[in-house]
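Reader: I've got a model to go through and some questions about how its parts fit together. Can we take them one at a time?

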Amino acid sequence: MSAMAKKAKNFKKSKSGVYLSLGTTAFGALSVVKQAKTARQENDTLRLIDAAVSAAAIVTGMAILYRELKRLGDDDVLLG
């Protein structure tokens, strides 16, 4: 494994990396909300289902990232 790949892997497991992933995931949620609104306006059931599945994936991803923060022992007030 190269030094760059090792640094990237360690960053993903750091608090900073997890916070970055949380922010990226939350930003992706905005796109899903927009997709759902458009699908409702156009009565596009297939796109609405796609938005619902994407939303479920985002919720699951956020839960996994939250668990990772707790595992890292984050003392952040927001995590309790």
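Reader: Which residues are linked in a network of salt bridges?
Author: Keep in mind that this is a predicted model. Arg47 pairs with Glu42, with the closest N and O atoms 4.0 Å apart. Arg47 also pairs with Asp44, this time at 3.6 Å between the closest N and O atoms. With Arg47 taking part in both pairs, the network is made of Glu42, Asp44 and Arg47.

Reader: Okay, and is Arg47 buried, partly exposed or exposed?
Author: The cut-offs matter here: buried is under 20% relative accessible area, and exposed is over 50%. Arg47 has 45%, so Arg47 falls between the two and counts as partly exposed.

Reader: What about Glu42 and Asp44, what class do they fall into?
Author: Glu42 comes out at 49% relative accessibility. Asp44 has 25%. Exposed needs over 50% and buried needs under 20%, so the class for Glu42 and for Asp44 is partly exposed.

Reader: Which residue has a positive phi although it is not a glycine?
Author: Look in the loop between α2 and α3, where Asn43 is found. At 67% relative accessibility, this residue counts as exposed. Its phi is about 50°, and the residue is Asn43.

Reader: How many salt bridges does a search of the whole structure find?
Author: Two of them are in the network of Glu42, Asp44 and Arg47: Glu42 with Arg47, and Asp44 with Arg47. Another joins the side chains of Glu68 and Arg71, at 2.5 Å from N to O. The search of the whole structure gives a total of three.

Reader: How far apart in helix α3 are Glu68 and Arg71, in helical turns?
Author: Glu68 is partly exposed at 22% relative accessible area, while Arg71 counts as exposed at 56%. They sit three residues apart in helix α3, and therefore their separation is about one helical turn.

Reader: Stepping back, what pattern does the chain follow along the sequence?
Author: There are three helices and zero strands in the chain. Of its 80 residues, 16% count as buried. Read along the sequence, the pattern is α-α-α.

Reader: Are α2 and α3 roughly parallel or roughly antiparallel to each other?
Author: Helix α2 covers residues 15–41 and helix α3 covers residues 45–71. They pack at an angle of about 165°, with axes 9 Å apart. Over 145 degrees counts as roughly antiparallel, so α2 and α3 are roughly antiparallel.

Reader: And what is the handedness of that crossing, and which residue classes make up the contact?
Author: The crossing of α2 and α3 is left-handed. By class, the contact of α2 with α3 consists of five charged, five polar and 15 nonpolar residues.

Reader: How far apart in space are Ala26 and Val59, C-alpha to C-alpha?
Author: Ala26 is in helix α2 and is partly exposed, with a relative accessible area of 36%. Ala26 and Val59 are 33 residues apart in sequence. From C-alpha to C-alpha, their distance in space is 9.4 Å.

Reader: Last one: of the contacts in the chain with a separation of 6 or more, what percentage comes from residues 24 or more positions apart?
Author: Ala26 and Val59 give a feel for such a separation, being 33 residues apart in sequence. For the contacts in the chain with a separation of 6 or more, residues 24 or more positions apart account for 57%.

Technical notes
Residues numbered from 1 in each chain as written. Predicted model: local features only at pLDDT ≥ 70, side-chain atom pairs only at ≥ 80, totals over all residues. Heavy atoms only, no water. Axes fitted to C-alpha atoms, helices over the stretch in contact; angles between N-to-C directions. Helix = DSSP H or I, 4+ residues; strand = E, 2+ residues; numbered from the N terminus. Parallel < 35°, antiparallel > 145°, perpendicular 65-115°, else oblique. Left-handed = near helix turned anticlockwise from the far one by under 90°. Nonpolar A, V, L, I, M, F, W, Y, C, P; charged D, E, K, R; others polar. Buried < 20%, exposed > 50% of the residue type's maximum accessible area, 1.4 Å probe, protein only. Contact = heavy atoms within 4.5 Å.
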